[in-house]
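Reader: Hey, can you walk me through this one? I've got it open and don't know where to begin.

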Amino acid sequence: MLDIQLLRSDLEGTVARLARRGHRFPVEEFSTLETERKLLQTRTQELQARRNTLSRQIGHAKGRSEDASAIMAEADGLGHDIGQVESRLERIQAELQHILLQTPNLPHVSVPVGKSEADNRAVRSWGTPRVFEFAAKDHVSLGESLGLLDFSTAAKLSGARFSLMTGALARLHRALAQFMLDTHTNEHGYVEAYVPYLVNAESLLGTGQLPKFKEDLFEIPRRQEGGGRGFSPEDARSGADDGNLYLIPTAEVPLSNIVRDRIVPHESLPLRLTAHTPCFRSEAGSYGRDTRGMIRQHQFDKVELVQLVHPRQSYEALEILTGHAEKILQKLGLPYRVMELCTADMGFSATKTYDIEVWLPGQDAYREISSCSNCEAFQARRMQARFRNEKGRPELLHTLNGSGLAIGRTLVAILENFQNADGSVSIPEALQPHMGGMDRLRGKA
């Protein structure tokens, strides 16, 4: 969430920066609310000052045994007026909060200005895409021909955008998660966490998924407990929790919210956390896109990286975190490139983002496998996640997150990049210890 003081002190400049990322800030509505807020606050102060004066007069009158009924009547009337003004002021504050909760983060000055993903900027690449001596297949054809990947049964069980893996392919999927966690905890200094897969609305509000992206979430009503009315506009305005639970769209949500409403010691920074979880997304608005295969699923697994750092260190941390995700691809021998996202392509909470795109021969294209973002204090302000700085004063943390990596897409990349002419798939050497020494997928095992 943006600092409202920034809007109050430099509305024009802040609106211009938001426009670079395609966001139309409701200037007129905000200005009208701000004008009324100032008037109401001034009126509240005037009424309170008058009531204090009357209270003193009542005390003096009673001390002199004088009739204070008229003064008391005026004071009672003031109490009613103050209540009405404060009630209206509370509603105004809630409307301003609602605007802030719908407003994305400001792009960093280094972010390229653009209108679409076509304006993203290539930063670097690693590895050389393989030249095949045979017609390369995509992961769907490979997995189905091996008898290890079954979309029709998954559709029977759950509908579209689900997959069923069996045998050695399911084991390879599990091995990838183990390999990623071992690398990040043993080599990159992350602390592994096991987190809830269901979170409350307050957690999603903290990291920015609510209220704006409710349609992308799977909501679980809690009818048995007497609550669960759904997240409403009133909740968004007030910041209230709706009583329902939501399946996590990413482990970023529970990992980041660990420090919600906390003040962590300066000495404990940076905090590096990682978790392997399933992720659940409704993929609203993506109908017709990536309908074939495992690229865009309602349920997929991911190893998430989260860093909570001192504000002065967050951009250095972004480079480090991105490098940690890259290291996984390097160990697996998968060609990739790093793209700096333009203003129009960044996520809601991000101020700067690098996308890591892996080469997929079956699509003859690079596709996103990790998105690494610095959110500065945007999420921390929503979560009230702070640290005690060098002067002993509470200060907002900077939060960063990235995939390290998306497991399903990594599996896709392995199938397509390591396929052989006979239909088998070689297993990268780094994964073989996690596969009991198996070096190739040859079918059901």
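Reader: How many bridges join S13 to strand S16?
Author: Two, and these strands run antiparallel. Strands here are DSSP runs of E with at least two residues, helices are runs of H or I with at least four, and both are numbered from the N terminus. Two strands pair if DSSP finds at least two bridges between them. In S16 (residues 398–406), Asn-401 stands opposite Ser-373.

Reader: Before I trust that, what kind of model is this?
Author: It's a predicted model, where local features need pLDDT of at least 70, side-chain atom pairs count only at pLDDT 80 or more, and totals for chains, interfaces and linings use all residues. Residues are numbered from 1 along each chain as its sequence is written, and side-chain values use heavy atoms, with hydrogens and water left out.

Reader: OK, and how many bridges join S12 to S13?
Author: Nine, between residues 352–360 and residues 365–374, running antiparallel. Leu-360 has Ala-365 in S13 as its bridge partner. Four residues sit between the strands of this hairpin, and Asp-364 there takes a positive phi near 55 degrees.

Reader: New topic: where is Gln-384?
Author: In the loop between helix H12 (378–383) and strand S14 (386–388). Gln-384 isn't a glycine, yet its phi is positive, about 55 degrees. Most residues other than glycine have a negative phi, and most peptide bonds are trans.

Reader: Which peptide bond in S16 is cis, then?
Author: The one joining Gly-404 and Leu-405, with omega about 25 degrees; Leu-405 is found in strand S16. The bond from Leu-269 to Pro-270 is cis too, with omega near -5 degrees.
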